[in-house]
Amino acid sequence: MARTHRILAVFASAGALLAATGCGAADMTKQASPYANAQGAKTVTLSVQSWVGAQANVAVASYLLAHELGYRVDTVQVDEVPAWDALSQGRVDAILEDWGHPDQEARYVDEKKTIAPGGGLGVTGHIGWFVPTYFAEQHPDVTDWRNLNTYASQLRTAESGGKGQLLDGSPSYVTNDKALVNNLDLDYQVVFSGSEAAQITQIKQFAKEKKPFLTYWYKPQWLFQKVPMTEVKLPAYKEGCDADPEKVACAYPHTPLQKFLNADFAKKGGSAARFLENFSWTTEQQNEVALMIAEQKLSPEEAAAKWVKANEPTWKKWLTET
Amino acid sequence: MTAATTAPHPPVERGGPPAALSSARGRALGKLLPLVLFAAVLVPLALIRWPGTAWPDALTVDLSAPLGSASDWIIDNRDSHPLFLYFFGHISNAVVLSVRGVYLLLLAAGWAGVTAAAGLIGWRVAGVRLALTAAVSFAVCGVLGMWVPTMQTLALMVVAVTASVVLGALLGLAAGLSDRLYRALRPVLDTMQVLPAFAYLLPVVLVFGIGVPAAVLATVVYAAPPMARLTALGLREADRGVMEAVSSLGATARQRLLTARLPLARKQLLLGLNQTIMMALSMAVIASVIGAGGLGDRVYQALASVDVGAALAAGLPIVLLAVVLDRTTAAAGSGTGSGPGKRGRLGWAVAAVATVLVAIAGRLTDRLDWPETWTVNIAEPVNRAVDWMTAHLYSGVPVIGGTADWAGRFTTWVLDPLRGGLQALPWWAVLLLVAALALLIGTWQTALTAVLAMAAIGVLGVWKPSLDTLSQVLAAVAVTLVIGFAAGIAAARSSRMEALLRPVLDVFQTLPQFVYLIPVVALFGVGRAPAVAAAVVYALPAVVRITTQGLRQVDPAAIEAARSLGATGGQQLRQVQLPLAGPALRLALNQGVVLVLAVVIIGGLVGGGALGYDVVFGLAQGDLATGLVAGAAIVCLGLMLDRVTQPTQRRTERRTERRTGRTRKAA
């Protein structure tokens, strides 16, 4: 019985919608999540990316939004590029950590004006190739890309065929590794682990047995605290050397991470929008929370609560500045 | 060989399967002969025209440029083009509003109201036991701290299932009444049932972008076919005698439909509803990849931080929802509940009033959200157990070696040679092989479909990754069949074994595919081996079930006859039971292949590479062209594998057997 009622309610609401909008145009830039604003609560929908650093941003932001500003926070996990599209359609209100997507920025921020920049996160990101420090200490010359080929045989695995393995992560991350291996004439095979979770598990297994490995990795990342890693020097980065994705032969840049808000939300989002624009912290602070989530296995809420309790002066500023 | 082994047992041979087999062999030769002639003419021609073993470049069509520009066009015009403003936009809004309506209703009923409603519906449909199961299941969702995500998934499900059922029933009604439509729809519906869920995600994302509307629509497209199929079947199978009687009484066509055909098809309709619900649930979880939110999203987020415990905390409610929905609709189908009589109606009224009362009580005491103090955190203990497992079983175990060593050996000794062998085969040899296999087990039509599907993969320009995926599927199917047949035979021979296996299979049949991925990574590392392992675990229950059923259904008289002739247990099994259960075993193979493919594709998330990785990559990078081409290749691969393993006659009994498989896929 309750079921029929529910179904009736569905039809009634669908009908009401058709009646309300009539044959008018639907606005594809206002596609809020159906779970937003339930029971009259003010809701903010945040995009969480799959890496833990981004989860730390979102955990602290949602904790403060909920406990200090009285919002209900919904989170949706979306990959980096689709998140831009979702942000433009209003399905999410904010991205808190973007690693630089010039194409998307040109399309949505400059051209369509459906997304507004939300300022810097305060954290600088850097992608690179890393070997475990225990391996680098035994073989100091491995940290230069010119010597990588001599170590290829030691880095062979079942998945890399006859070549050395360069472990890559999630397909959603920014990577030039295939082109790099090609253009630098390295005797390596890029093996995509498919997700960051899979990659972390693999790195930890290697580290436990003190086996050598070469991996795509990025800073800031909490895993450095558990498995110390040393960066392999690639040919230095120069402005524009990564313009043609096929011909890249240089290192990754250092990127100041950015926040982006849905343009409508930035205008009408009230105190939540102001708060998210002010939200800015250091690499160490982000790592502290990320480590609590990923290593001590605290839930993101618990980790955020712990951090918020200890760092009141930092977050007070985010609430009061306008 | 068949003749040689059966020679000492003439009595069995006379009436039994070996005779049938040898005549089948003659038929097979007859079927293959035209193919051999055909190949003898065409292969040299192909060799002259396109030398080399890889698929010739001249025969590929590059779709990525047009697909890429289509995707760009959609993004650029989505806010302004009339097609979106007046059509897709309204669909999208309608979905969002309906999901929101149901979600608000569920929240308004509060946890007490929803739990009471679940219990009371269970009570009315199947009695006290199901009522308790339902109420306890919902309470457990709350205890695990997953109340709100559970309601989100439930809201999405209600909308998707309603739409699927309406759509499926309409299609099924049309196909049930019109022969021509039935012939046109059946192959389409059959095919849709064998495609991996992942292939459905990209086209909807292309149009609607990431979010709930895309998720709901993908779910509807995925879940509607079984409803349509079973509705059509139910209507077509109506008892001729009854229909004759009804029309001789002068009933109009409309009356015949409403008073005789539909009521007679009740069982099929409810089975269709059951399958649709189970498949919708499976898709609702997978659709978290395209922003469905709810429980699936929690699993997805937990997997991103290697948090098996949290994934399990979100996975358990999915399992519980699946069990409750499955049992409720299955009970409604078998009609154990009270009929539509006066007492039945009174019972429903009591249930409705009780639900409303509980909901109001919940409201008045201001206990709408699940109380935070009543939650239990299972993530930590589970993670400790997983850590222990990884620490002690991963490698360096004396004598047998660790799981990582097995995975490495499996990759080096099985997967690599298999992949290398497949990719070294000339492309025309692969096509011929596919044709020959499909001809042997099916008809020339299935063979033609299979070959065309395989050729389409080449034309799409993803020949190599597809063969990579195929090698993983073959390896996984081989392992699944060896273990599955062994377990199935054991279960068929010993009731105690079956009683032991049954609850295990029940649980495994409802677990979401996602949850399998992380423990296999923990055990086997990253790469193709864990993808294969997850696929094996996922496909096993269906194979074990179908094998057990097939063996048990063998005519007891035949076994008795063999026994009276002094055959040993092993002889009975080899020479009577297995040959007689042949059709069931082939069905097990077919189901195994379909289920394995579904998970091998998802294995792209744990380093399976190949086609699955391309889909994940397409979704993750917003590079829909790559993803769509890979998705199309997956469709073709699924089609080819199904046709190559499909038993000749799709008999109607297959439906019931299929259910075991489908419920499995519906996890």
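# Worked exercises on chains A and B

**Exercise 1.** With 10 C-beta neighbours inside 10 Å, does A:K113 count as buried or exposed?

*Solution.* A:K113 counts as exposed, because its count of 10 C-beta neighbours inside 10 Å falls in the range of 12 or fewer that defines an exposed residue. The model is a predicted one, and every exercise below refers to this prediction. As for its place, A:K113 lies in the loop between α4 (102–112) and β4 (115–132) of chain A. Its backbone deserves a second look, since phi of A:K113 is near 55°, a positive value in a residue other than glycine.

**Exercise 2.** Where in chain A is A:D185 found, and what is the sign of its phi?

*Solution.* Begin with the location: A:D185 is found in the loop between α6 (177–183) and β6 (188–192) of chain A. Next comes the backbone, where A:D185 has a positive phi of about 55° although it is not a glycine. Finally, A:D185 has 9 other C-beta atoms within 10 Å and is therefore exposed.

**Exercise 3.** Which two residues of chain A are joined by a cis peptide bond?

*Solution.* The cis peptide bond joins A:K219 and A:P220, and its omega is about 0°. To place this bond along the chain, note that A:P220 is in the loop between β7 (214–219) and α8 (223–226) of chain A.

**Exercise 4.** How many helices and strands are there in chain A, and how many in chain B?

*Solution.* Chain A has 13 helices and nine strands, whereas chain B has 30 helices and zero strands. Turning to burial, 47% of the 322 residues of chain A count as buried, while in chain B buried residues make up 53% of the 667 residues. The contacts can be described in a similar way: in chain A, residues 24 or more positions apart account for 74% of the contacts with a separation of 6 or more. In chain B, among contacts between residues at least 6 apart in sequence, 80% join residues at least 24 apart.

**Exercise 5.** What span should helix α18 (residues 403–424) of chain B have at 1.5 Å a residue?

*Solution.* The 22 residues of α18(B) should span 32 Å, and this agrees with the 30 Å that separates the end C-alpha atoms. The helix is nevertheless bent, by about 35° at B:T411. B:T411 is also one of the buried residues of α18(B), and the others include B:G408, B:F410 and B:L415.

**Exercise 6.** At what angle do helix α5 (residues 82–126) and helix α7 (residues 147–177) of chain B pack?

*Solution.* Two packed helices are described by the angle between their axes and the distance between the axes. For α5(B) and α7(B) the angle is about 135° and the axes are 8 Å apart, so the two helices are oblique to each other. The crossing is right-handed. Among the residues that make the contact are B:V95, B:L106 and B:W111 of α5(B), together with B:W147, B:M151 and B:V159 of α7(B).

**Exercise 7.** How are helix α9 (residues 201–208) and helix α28 (residues 610–621) of chain B oriented: roughly parallel or roughly antiparallel?

*Solution.* The axes of these helices come within 11 Å and cross at roughly 15°. Angles under 35 degrees count as roughly parallel, and α9(B) and α28(B) are therefore roughly parallel to each other. Their crossing is left-handed. At the contact, B:L201, B:L202 and B:V205 in α9(B) meet B:V615, B:G618 and B:L619 in α28(B).

**Exercise 8.** Against which helices of chain B do the buried residues of α20(B) pack?

*Solution.* First consider the helix itself: α20 (residues 444–460) of chain B has 17 residues and reaches 24 Å from its first C-alpha to its last, close to the 24 Å expected at 1.5 Å a residue. The buried residues of α20(B) include B:T446, B:V451, B:M454 and B:I457, and the buried residues of this helix pack against α19 (427–441), α21 (463–493) and α29 (624–645) of chain B. Just after α20(B), B:G461 takes a positive phi of about 85°.

**Exercise 9.** What distance separates the C-alpha atoms of B:A46 and B:W428?

*Solution.* These two residues are 382 residues apart along the chain, and their C-alpha atoms are separated by 8.0 Å. B:A46 is in helix α3 (residues 17–49) of chain B. Because B:A46 has 16 C-beta neighbours inside 10 Å, it counts as partly exposed.

Note on methods:
Residues are numbered from 1 along each chain as its sequence is written. Chains are lettered from A and ligands numbered from 1 in the order in which they are written. This is a predicted model: local features need pLDDT of at least 70, side-chain atom pairs count only at pLDDT 80 or more; totals for chains, interfaces and linings use all residues. Helices (H or I, at least four residues) and strands (E, at least two) are DSSP runs, numbered from the N terminus. The expected span of a helix is 1.5 Å times one less than its number of residues. The bend at a residue is the angle between axes fitted to the seven residues ending there and the seven starting there. A residue is buried if 20 or more other C-beta atoms lie within 10 Å of its own, exposed if 12 or fewer, and partly exposed in between; C-beta atoms are placed from the backbone. Axes are lines fitted to C-alpha atoms, for helices over the stretch in contact, and angles run from 0 to 180 degrees between N-to-C directions. Angles under 35 degrees count as roughly parallel, over 145 as roughly antiparallel, 65 to 115 as roughly perpendicular and the rest as oblique. A crossing is left-handed if the near helix is turned anticlockwise from the far one by less than a right angle, and right-handed if clockwise. Two residues are in contact if their C-beta atoms, placed from the backbone, lie within 7 Å.
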